[in-house]
Amino acid sequence: MPPGLPSDLLRRRPDIRLDVRRADERDKTTIGWLDSRHSFSFGHHYDPANTHHGVLMVNNDDIVRAGTGFTTHPHQDMEIVTWVLAGELEHKDSTGHKGLLYPGLAQRMSAGRGIWHSEMNPRGDADGAGRGGDPASAR
């Protein structure tokens, strides 16, 4: 039983299924600027037994290379939570909000009827030089 959960939870709530998937057991997407581990079915990693987790749609562990990131893209009708485990991510969105996320902070963005945003690792330039060139690790 993971820490923090009552020891009799599964006995009291037989409808709850606990499935621990360690990072190295999860599906992985690797592209030039991103290493991502997926807790649930995501993209082309489809597992019909690993879908429909209430309102939670995605839980990815992402490592974003320095000077790269998620360029401006849209979301609608969802809440997006980002927390950084190491490094930094710079958030910008179409409502004019801009901020630097770093370990110890969490950000919740309400997409509502629609929002465009980006999350970029500002460390270093295209060559990885600059403020250390470290990757950012985020969830």
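Visitor: Why is D47 called partly exposed?
Guide: Its relative accessible area is 25%. Buried would need under 20%, and exposed over 50%. The value for D47 falls in between, so the residue is partly exposed. Bear in mind that this model is predicted.

Visitor: What makes D47 and R21 a salt bridge?
Guide: The closest N and O atoms of the pair are 3.8 Å apart. The limit is 4 Å. A separation of 3.8 Å is within that limit, so D47 and R21 qualify.

Visitor: Why does the pair of D47 and R21 tie together separate parts of the sequence?
Guide: D47 sits in the loop between β2 and β3, while R21 sits in the loop between α1 (9-12) and β1. These parts are 26 residues apart in sequence, so the pair ties them together.

Visitor: Why does R21 count as partly exposed?
Guide: R21 has 28% relative accessibility. That lies between the 20% and 50% cut-offs, so the label is partly exposed.

Visitor: How do you know that D61 forms a salt bridge with R26?
Guide: Their closest N and O atoms are 2.6 Å apart. That is within 4 Å, so the pair passes. D61 belongs to strand β3 and R26 to the loop between α1 and β1, so the bridge ties together parts 35 residues apart in sequence. Are these two residues buried or exposed? Both D61 and R26 are buried.

Visitor: What does D61 pair with in the strands?
Guide: D61, in β3, is the bridge partner of R37. Strand β2 (residues 34-38) pairs with β3 in the antiparallel sense, over five bridges.

Visitor: Why is strand β3 described as largely enclosed by the rest of the structure?
Guide: The strand covers residues 60-64, and four of its five residues are buried, so it is largely enclosed.

Visitor: What makes E79 and R108 a salt bridge?
Guide: Their closest N and O atoms lie 2.8 Å apart. The 4 Å limit is met, so this pair counts too. It links distant parts of the chain: E79 is in strand β5, R108 in strand β8 (residues 106-110), 29 residues apart.

Visitor: Why are E79 and R108 given different labels for accessibility?
Guide: E79 has a relative accessible area of 48%, which is not over 50%, so it is partly exposed. R108 has 60%, which is over 50%, so it is exposed.

Visitor: How many salt bridges does the count come to?
Guide: The count comes to six salt bridges.

Visitor: How many aromatic pairs does a search of the whole structure find?
Guide: The search finds one aromatic pair. The ring centres of W33 and F70 are 5.0 Å apart, within the 6.5 Å limit, and their planes stand at 90 degrees, over the 60 needed, so the pair is edge-to-face. The pair links distant parts of the chain: W33 lies in the loop between β1 (27-31) and β2, and F70 in strand β4 (residues 69-75), 37 residues apart.

Visitor: Why do W33 and F70 both count as partly exposed?
Guide: W33 has 24% relative accessibility. F70 has 23%. Each value lies between 20% and 50%, so each residue is partly exposed.

Visitor: Why does F42 count as partly exposed?
Guide: F42 has 33% relative accessibility, which lies between the two cut-offs, so it is partly exposed. F42 lies in the loop between β2 and β3. With M57 and V58 it forms a nonpolar patch on the surface, and together they have about 270 Å² of accessible area. A patch residue needs over 30%, so F42 passes that test.

Visitor: Why does K92 count as partly exposed?
Guide: K92 has 39% relative accessibility, between 20% and 50%, so partly exposed is the label. K92 is found in strand β6 (residues 89-93). Among the residues K92 touches, not counting those up to four places away in sequence, are W116, H117 and S118. The C-alpha atoms of K92 and S118 are separated by 5.4 Å, although the two are 26 residues apart along the chain.

Visitor: Why does D77 count as exposed?
Guide: D77 has 60% relative accessibility, over the 50% cut-off, so it is exposed. D77 lies in the loop between β4 and β5 (79-86). Its phi is positive, about 55 degrees, although D77 is not a glycine.

Methods. Residues numbered from 1 in each chain as written. Predicted model: local features only at pLDDT ≥ 70, side-chain atom pairs only at ≥ 80, totals over all residues. Heavy atoms only, no water. Buried < 20%, exposed > 50% of the residue type's maximum accessible area, 1.4 Å probe, protein only. Helix = DSSP H or I, 4+ residues; strand = E, 2+ residues; numbered from the N terminus. Pairing = 2+ DSSP bridges. Contact = heavy atoms within 4.5 Å. Phe/Tyr/Trp six-rings, centres within 6.5 Å; stacked < 30°, edge-to-face > 60°. Patch = residues over 30% accessible without salt bridge, like charges linked within 9 Å, V, L, I, M, F, W, Y side chains within 5 Å. Areas by Shrake-Rupley, 256 points an atom, 1.4 Å probe, with all protein chains shown as cover. Salt bridge = Lys/Arg side-chain N within 4 Å of Asp/Glu carboxyl O.
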